[in-house]
Amino acid sequence: ATTNAGYTWLGWYNGETCVCATEEFTFKAEKDVTYTATWLANTDTKYTVNYYLQNLYDSNYTLHETVELTGETDTTAAAEIKEYAHFTYNASKSVISGNINGDGSRVLSVYYTRDKYVISTARNNTKAGTVTESGAYKFDKQITLTATTNAGYTWLGWYDGETLACATEEFTFKAEKNVTYTATWSANTDTKYTVNYYLQNLDDNNYTLHESVE
């Protein structure tokens, strides 16, 4: 008998009786008989599960974690579907089950797509200035929002609800959630305007500036 990888030789059996413990069994023909070559499947046969996370700057995947496991030879291995924050399991790309090969060559592959988040911008006053437009970005993508303040307004900051997220007009951060940042200004209370008072001329119907009030 020849033993394949992943199995342990038990012996040649005649019914329930082991008649030879070695793989090579020599004897003389004396009767009709069936000898059964008997093996035990190993329960510590190795297999591997690789976990891949999608890259930030392209659609490819990079190996994130390798888990070495053991199981019974020629049974079906199943990979654990782990949870990774900001990544979603990609069933269509993954191979999560397969036969445990006796030589330990079975490799299962589990893929996770990088989550995308919508970064929205708003303005508390549409006349106060302009802001960067909204967009959808992969997790961990560095983003810079920019606000431009019009004359007559004072910049107060980028707000997430009632919370000040950034005090400057240029706001750099990484995409980690769906969020709306509101560009917030206050209208100046000391903005100048002018009133001109004109009096009609004596000798014609035109008018001459008489007084200016700031």
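A charge is taken to sit over a ring if NZ of Lys or CZ of Arg is within 6 Å of the ring centre and within 35 degrees of the ring normal.

**Close-up 1. Lysines over tyrosine rings in the predicted model.** K93 meets this description, lying over the face of Y111 at 5.0 Å from the ring centre. A further example in this predicted structure is K82, which is placed over the face of Y51, with a distance of 5.0 Å from the ring centre.

**Close-up 2. The aromatic pair of F27 and Y35.** Aromatic pairs number 19 in the structure. One of them joins F27 and Y35 in an edge-to-face arrangement, with 5.1 Å from centre to centre and 70° between the planes. F27 has a relative accessibility of 44% and therefore counts as partly exposed, and Y35, at 23% relative accessibility, also counts as partly exposed because buried means under 20%.

**Close-up 3. The aromatic pair of W155 and W185.** The rings of W155 and W185 are arranged edge-to-face, their centres being 5.4 Å apart and their planes standing at 70°. W155 belongs to strand 14 (residues 153-160) and W185 to strand 17 (residues 179-187), so that the pair ties together parts lying 30 residues apart in sequence. Both W155 and W185 are buried.

**Close-up 4. A cluster of linked rings that includes F27 and Y35.** Through ring pairs, W9, W12, F25, F27, Y35 and W39 are linked into a cluster. The edge-to-face pair of F27 and Y35 shown in the second close-up joins two members of this cluster.

Definitions and conventions: Residues are numbered from 1 along each chain as its sequence is written. This is a predicted model: local features need pLDDT of at least 70, side-chain atom pairs count only at pLDDT 80 or more; totals for chains, interfaces and linings use all residues. Side-chain values use heavy atoms; hydrogens and water are left out. Rings of Phe, Tyr and Trp (its six-membered ring) pair if their centres lie within 6.5 Å; planes under 30 degrees apart count as stacked, over 60 as edge-to-face and the rest as tilted. Buried means under 20% relative accessible area, exposed over 50%, partly exposed in between (1.4 Å probe, protein chains only). Helices (H or I, at least four residues) and strands (E, at least two) are DSSP runs, numbered from the N terminus.
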